[in-house]
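I opened this entry to keep track of what I looked up, going from single residues to the chain as a whole. The structure I worked from is shown here.

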Amino acid sequence: MELELEGADLKAVLNRLRRAQGQISGVIRMIEEGRDCEDVVTQLAAASRALDRAGFAIIATGMQQCMTDIESGRKNGEDARQMRARLEKLFLSLA
């Protein structure tokens, strides 16, 4: 299953990943500076949410592409059940 992100989808995912990258850098800096535990955990939770949202956006795009492939009959040797199982496994990996 190939993932093709284009235009607005690609930009949105990259923005979420860059946001998470900045938040993770902030967490590292906060730990190095000995900042308050609550502040560190709050920032870490924000980074985690940004990564989750990027992952969900990627999976949603993959699901849309797979549905298009199934409807058009291009399954690349996989049947619909196999594709669904793979997507479900990906989705659950983020849950």
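**Notebook: helix α1 and its surroundings**

I began with leucine 10, which I found in helix α1, keeping in mind throughout that this is a predicted model. For leucine 10 I noted a relative accessibility of 34%, and because buried means under 20% and exposed over 50%, I entered leucine 10 as partly exposed.

Next I asked which residues make the nonpolar surface patch of about 440 Å². I listed Leu10, Leu14, Leu17, Ile24, Ile28 and Leu51 as its members. When I looked up which element gives the most to this nonpolar patch, I arrived at helix α1, spanning residues 7–32, with 5 residues.

I then turned to glutamine 23, whose place is also in helix α1, and asked whether glutamine 23 is buried or exposed. Its relative accessible area is 15%, and since the cut-off for buried is under 20%, I recorded glutamine 23 as buried. Setting aside neighbours within four places in sequence, I found glutamine 23 in contact with Gln43, Ala46, Ala47 and Ala50.

Arginine 16 was my next stop in helix α1, and its relative accessible area of 28% made me enter this residue as partly exposed. Not counting residues up to four places away in sequence, arginine 16 touches Ala50, Arg53 and Ala54. For the pair arginine 16 and alanine 54, I wrote down a sequence separation of 38 residues and a C-alpha to C-alpha distance of 5.7 Å. I also noted that Ala50 appears in the contact list of glutamine 23 and again in that of arginine 16.

**Salt bridge**

How many salt bridges does the count come to? I obtained 1 salt bridge, and I looked up the pairing of glutamate 33 with arginine 35, where the closest N and O atoms are 3.9 Å apart. That distance satisfies the cut-off of within 4 Å, and I added that arginine 35 is partly exposed, at 42% relative accessibility.

**The chain as a whole**

Stepping back, I counted 3 helices and 0 strands in the protein chain, which follows the pattern α-α-α when read along the sequence. Of the 95 residues in the protein chain, buried ones make up 22%. I put the accessible surface of the protein chain at about 6,900 Å², with 53% of it belonging to carbon and sulfur atoms. Finally, among contacts in the protein chain with a separation of 6 or more, I noted that residues 24 or more positions apart account for 69%.

Conventions. Residues numbered from 1 in each chain as written. Predicted model: local features only at pLDDT ≥ 70, side-chain atom pairs only at ≥ 80, totals over all residues. Heavy atoms only, no water. Patch = residues over 30% accessible without salt bridge, like charges linked within 9 Å, V, L, I, M, F, W, Y side chains within 5 Å. Areas by Shrake-Rupley, 256 points an atom, 1.4 Å probe, with all protein chains shown as cover. Salt bridge = Lys/Arg side-chain N within 4 Å of Asp/Glu carboxyl O. Helix = DSSP H or I, 4+ residues; strand = E, 2+ residues; numbered from the N terminus. Buried < 20%, exposed > 50% of the residue type's maximum accessible area, 1.4 Å probe, protein only. Contact = heavy atoms within 4.5 Å.
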